[in-house]
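Biologist: Please take me slowly through one part of this model. Start from what lines its inside, then go on to the charged side chains.

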Amino acid sequence: QVQLVESGGGLVQPGGSLRLSCAASGSTLDDNAIAWFRQAPGKEREAVAYMGASTRSILYLDSVKGRFTISRDKAKNTVDLQMNSLKPEDTADYYCAARKMYDDLILFRLPKESMFDSWGQGTQVTVSS
């Protein structure tokens with residue numbers, strides 16, 4: 001099981017950008033499906049971006065399409081989330097997640113938390129003037 005640690009969160013003004021990074025150790029992420037989730041106070045945790053192990057399947061929450069980009073850096077064994085044009089509604093704790101895949105799985109909807117068995121500790125993102 002891979003261990004994950006997020007970084008890059010912080011306070012940013014509306015319209016600003018942040019890049020979150022999730023560093024993996026213990027195993028390569030190359031054969032893992034990966035995702036970013038977020039949870040705002042009083043709300044359920046929701047997936048905002050997903051990438052399959054093969055990268056053939058990439059999905060985004062409708063409200064972040066065109067603003068967020070999920071990527072993996074195989075050389076650094078990291079999962080990144082580039083967030084542009086941030087809005088106050090993006091304020092939340094952000095988590096990266098992964099699950100080793102033994103078969104290629106193509107998703108047509110964003111996954112639930114239960115799909116993943118490796119989680120980071122979370123990083124706070126606050127969008128405010």
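Modeller: The lining of the largest cavity divides into five nonpolar residues, one polar and two charged. Here Ala, Val, Leu, Ile, Met, Phe, Trp, Tyr, Cys and Pro count as nonpolar, Asp, Glu, Lys and Arg as charged, and the others, Gly among them, as polar. The model is predicted, and local features need pLDDT of at least 70, side-chain atom pairs pLDDT 80 or more, while totals for chains, interfaces and linings use all residues. Residues are numbered from 1 along each chain as its sequence is written, and side-chain values use heavy atoms, without hydrogens or water.

The lining residues are Ala33, Tyr50, Gly52, Ala53, Met101, Asp103, Asp104 and Leu105. The structure holds one cavity of 30 Å³ or more (a set of points on a 1 Å grid where a 1.4 Å probe fits but cannot get out; lining residues have an atom within 4 Å of a point). The volume of the largest cavity is about 30 Å³.

Now the charged side chains. There are nine salt bridges in the count (a side-chain nitrogen of Lys or Arg within 4 Å of a carboxyl oxygen of Asp or Glu). One of them pairs Arg38 with Glu46, and their closest N and O atoms are 3.1 Å apart. Arg38 sits in strand β4, residues 32–39 (a strand is a DSSP run of E, at least two residues, numbered from the N terminus). With a relative accessible area of 6%, Arg38 is buried (under 20%; exposed is over 50%, partly exposed in between, with a 1.4 Å probe and protein chains only). Its partner Glu46 is partly exposed, at 31%. Arg38 also makes a polar contact of 3.0 Å with the side chain of Tyr94 (N or O atoms within 3.5 Å, one able to donate a hydrogen and the other to accept it; residues adjacent in sequence count only if both atoms are side-chain atoms).

Another salt bridge brings Arg67 and Asp90 together, at 2.8 Å from N to O. Arg67 lies in the loop between β6 (58–60) and β7 (68–73), and Asp90 in the loop between β8 (78–83) and β9 (92–100), so this pair ties together parts 23 residues apart in sequence. Both partners are buried: Arg67 has a relative accessible area of 10%, and Asp90 has 2%.

In the pair of Asp117 and Arg99, the closest N and O atoms of the salt bridge are 3.9 Å apart. This pair links distant parts of the chain, 18 residues apart: Asp117 is in the loop between β9 and β10 (118–119), and Arg99 is in strand β9. Each partner is partly exposed, Asp117 at 39% and Arg99 at 33%. As for the pairs described before, salt bridges with shared partners join Arg38, Glu46, Arg67 and Asp90 into one network.

Two loop residues deserve a look at their backbone. Most residues other than glycine have a negative phi. Asn77, in the loop between β7 and β8, has a positive phi near 55°. Asn77 is buried, with a relative accessible area of 16%. Ser85, in the loop between β8 and β9, also has a positive phi, about 50°, although it is not a glycine. At 40% relative accessibility, Ser85 counts as partly exposed.

Conventions. Helices (H or I, at least four residues) and strands (E, at least two) are DSSP runs, numbered from the N terminus. On a 1 Å grid over the protein atoms alone, a cavity is a set of points where a 1.4 Å probe fits but cannot get out, and a pocket is an open set with protein on both sides within 12 Å along at least five of seven lines; lining residues have an atom within 4 Å of a point. Grid points are joined across faces, edges and corners, and a volume is the space filled by probe spheres set on the points.
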